[in-house]
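This report introduces a protein structure to a reader who has not met it before. Please look through the sequence and the structure first, and then read on.

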Amino acid sequence: MTSPAAEPYTTIIGLEVHVQLQTQTKLFCGCSTKFGMPPNTQVCPTCLGLPGALPVMNRHAFDLAVRAALALNCTIARFTKWDRKNYFYPDLPKGYQISQFDLPFSSDGWLEAADSKGAFARRVGIIRVHLEEDAGKSMHDEAAGTADSRIDLNRAGTPLCEIVTQPDLRSPQEARVWLNELKLLLVYLGVSDCNMQEGSLRVDANINLHIPEPDGRIAKTPIVEIKNMNSFRSVERALTYEAARQWDEWQATKAEMGKTPKQTRGWDDPAGVTRAQRHKEESSDYRYFPEPDLVPVTVSEAELASARAACAESPAVLRTALADRWKISAYDADVLVNQGRELVAYFEDLATRVGEGKVASNWMQQDVLRTLNERGGTIAEFPVRPEAIADLIGRVAKGDFDTSRGREIFAEVLASGRSVADVVAALGIAAVSDEDLTALCRELLAANPRVVADVKGGKKQAAAGLIGQAKKKNPNVNPGRVRAICLELIRAM
Ligand SMILES: [Zn+2]
C-alpha cells in the first residue's frame, strides 16, 4: 500500500450511506420488514402503491433516525416534511419514492474515526441525514438461461436513513475505517443491524482527484459516483481502482470537473474494475414536490431528550469510559469496544468479579477473543462464562497454579463444558504446599551444583533452568514460587 503522500495527487472522497432502520414494520404501512420471506408476501395496498391507499408515518422509524442523527452530532430540524422523488423503475410501483428534499430532518453533523494503529484520525462532516422508503428488488434470473426478470416488493417501503458526508476523506483506507466506525455506532445505538449480506447497509462513494499543476493551480478530475456497494472491502477496492483509473485518464485527456457531467459507475467485484453506467441525474430530473398524503413532522423537546438519552453511550464515549473505569490502555479499550456491546458487557462482568481491569482485559484479548475468532459465533453463545474465568484468575492469584496452567484449564473447560473446580480435580491439580516445594527445591539444588555456583556468582537468571526440571517432577508447581524459594535457599547456603 502506498502512502497518500507518495501520490502526485490528493484523493477526495465523500460517501452516501443507506442504512435500513431496525423496525418491525415499514415506514408508511404496517407490513413486516422481516428479511428472507417468500417474494411479495409482505405487501399491502400502500406499499404496492394501489390507488387510494394512504401512507401513515411509523413514528418509531422516525425516532430511530433522530437517534442516529444526534449521535452523528447533527442539528435536528423541529419541522420537517416529505417529498415525492419521481422516477420510473419496475421495482417502484408508485412511480415515486417518498423521501426528503429541501427540509431534511437533520443536517450539519460529524463523526470522527481513527485507525487502531494510530496512522490517522479523521473528522468527517455530515451534510445531512434524511429518511426515505426503500424500493423493491428486481431479480434477474439469467442463470436459468431464460433471462427472466421478476420483482419482489417485500422490501418496498422499508425505512432507510440516508447519511451524506462532506468530501472529507482522503484515502480508500480512511473510507473503510470511517465506515466501520459508522456501522459500529449504528449497531450500538440499536438503529440498524447493519447486516450487509442482507443489504441493510449500502454505500455510494463519490471520488475525484486534486492534482497540483506546475503553475500552482489545482486541477480537479470529474467526480465519479460508485453506486451500491455492500461490503466495506468492496468500497476500499473500488476507490483504490477508481483513483488509479482517474489518474490514468487525467494523464491521457486532461479532462477536468465541470467540463463533463458527473458520471455513475458500478463496481464489478469479481473483475475488480468500475464500469461506466450512466450520467448522473440532477435533482431537477426527479421533479421533487411535497408529498400531499403526509402531514409534516414536528419534533418535541421530550422526544429530543429521549433520543439523546438513547445515544449517550456511543463507541467513542465508551472507549474513554472503559479505559478510565478499568485502567486499561486506549488500545485495549478500542479492541473491546470494536467487538460490540455484548462483548463489552462480558468484559465488565468479568472485570467486576475480578476487581481489576488489566488482568481481565488480558484474558479477554488472549483467550476469549482468540478462541472466538477461531470458533466463530457470538460472545452470547460462548460456552465459558465470566464467572468461570474469574474463578480461574482467582486461583492463579492465590498461587494454586500459574497463568500458563490456567490457560490449559481454560481450554479444558471450553472443550468439556465442565466447571473449573471439576477440571482442576480431574487433572489432579492441587496447590503444592510450601513445605513440599522447599523439599523439591533442595533436591534440585543438590542435583545442580553448576546452577548454584552461577547464581552465587551473580547470574540469577541461571535459576530459570531449574523451573523446567521442577515442572517435570510435579506439573502443579508454581514456577514463580520455585524460582523464589531456590534463590532464597542459595542465598542461605
Ligand atoms: Zn405495506
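The text below treats the nonpolar cores, one buried helix, the internal cavity and the salt bridges in turn.

**Nonpolar cores**

The structure is a predicted model. Its largest nonpolar core has 68 residues. Within this core, the residues with the most contacts are L15, L72, W82, V129, I163 and W178. Helix α2, which spans residues 59–71, supplies the largest share of the core, namely nine residues. A second core, separate from this one, has 41 residues, including V335, A388, I393 and V420. As a general background, nonpolar side chains in soluble globular proteins tend to be buried together.

The surroundings of L15 can be described in detail. Leaving aside residues up to four places away in sequence, L15 touches I163, V164, T165, L169, A175, W178, L179, V203, D204 and A205. Two of the residues named for the most contacts inside the largest core, I163 and W178, are thus also among the residues that L15 touches.

**Helix α7**

Helix α7 covers residues 330–338, and its buried residues are D332, A333, D334, V335, L336 and V337. V335 is also one of the residues of the second core. What covers the buried residues of α7? The cover includes helices α3 (172–188), α6 (315–326), α8 (341–354) and α9 (357–375). Just after α7, G340 takes a positive phi of about 110 degrees.

**Internal cavity**

The count of cavities of 30 Å³ or more comes to one. The largest cavity has a volume of about 60 Å³. Its lining consists of C47, D91, L92, P93, K94, Y96, E133, D134, A135, G136, A156 and G157. By character, this lining divides into six nonpolar, two polar and four charged residues.

**Salt bridges**

In the whole structure, 38 salt bridges are found. Three of them are set out here, with the distance between nitrogen and oxygen atoms.

| Salt bridge | N to O distance |
|---|---|
| E112 and R123 | 3.6 Å |
| E256 and R217 | 2.9 Å |
| E242 and R265 | 3.6 Å |

The salt bridge between E112 and R123 links distant parts of the chain: E112 lies in strand β6 (residues 106–114) and R123 in strand β7 (residues 121–133), 11 residues apart. E112 counts as partly exposed because its relative accessibility is 39%. R123 is likewise partly exposed, at 46% relative accessibility.

The salt bridge between E256 and R217 also links distant parts of the chain, with the two residues 39 residues apart. E256 is in the loop between α4 (232–253) and β14 (263–268), whereas R217 is in the loop between β11 (201–212) and β12 (218–220). E256 counts as buried because its relative accessibility is 13%, while R217, at 38%, counts as partly exposed.

Are the two partners of the third pair, E242 and R265, buried or exposed? E242 has a relative accessibility of 0% and therefore counts as buried. R265 is buried as well, with a relative accessible area of 9%. The side chains of E242 and R265 meet in a salt bridge. Because E242 lies in helix α4 and R265 in strand β14, this pair ties together parts that are 23 residues apart in sequence. E242 and R265 also belong to a network of salt bridges that links them with R245 and E249.

Definitions and conventions: Residues are numbered from 1 along each chain as its sequence is written. This is a predicted model: local features need pLDDT of at least 70, side-chain atom pairs count only at pLDDT 80 or more; totals for chains, interfaces and linings use all residues. Side-chain values use heavy atoms; hydrogens and water are left out. Buried means under 20% relative accessible area, exposed over 50%, partly exposed in between (1.4 Å probe, protein chains only). Helices (H or I, at least four residues) and strands (E, at least two) are DSSP runs, numbered from the N terminus. Contact means heavy atoms within 4.5 Å. On a 1 Å grid over the protein atoms alone, a cavity is a set of points where a 1.4 Å probe fits but cannot get out, and a pocket is an open set with protein on both sides within 12 Å along at least five of seven lines; lining residues have an atom within 4 Å of a point. Grid points are joined across faces, edges and corners, and a volume is the space filled by probe spheres set on the points. Ala, Val, Leu, Ile, Met, Phe, Trp, Tyr, Cys and Pro count as nonpolar, Asp, Glu, Lys and Arg as charged, and the others, Gly among them, as polar. A nonpolar core is a set of buried Ala, Val, Leu, Ile, Met, Phe, Trp, Tyr and Cys residues joined through side-chain atoms within 4.5 Å. A salt bridge is a side-chain nitrogen of Lys or Arg within 4 Å of a carboxyl oxygen of Asp or Glu.
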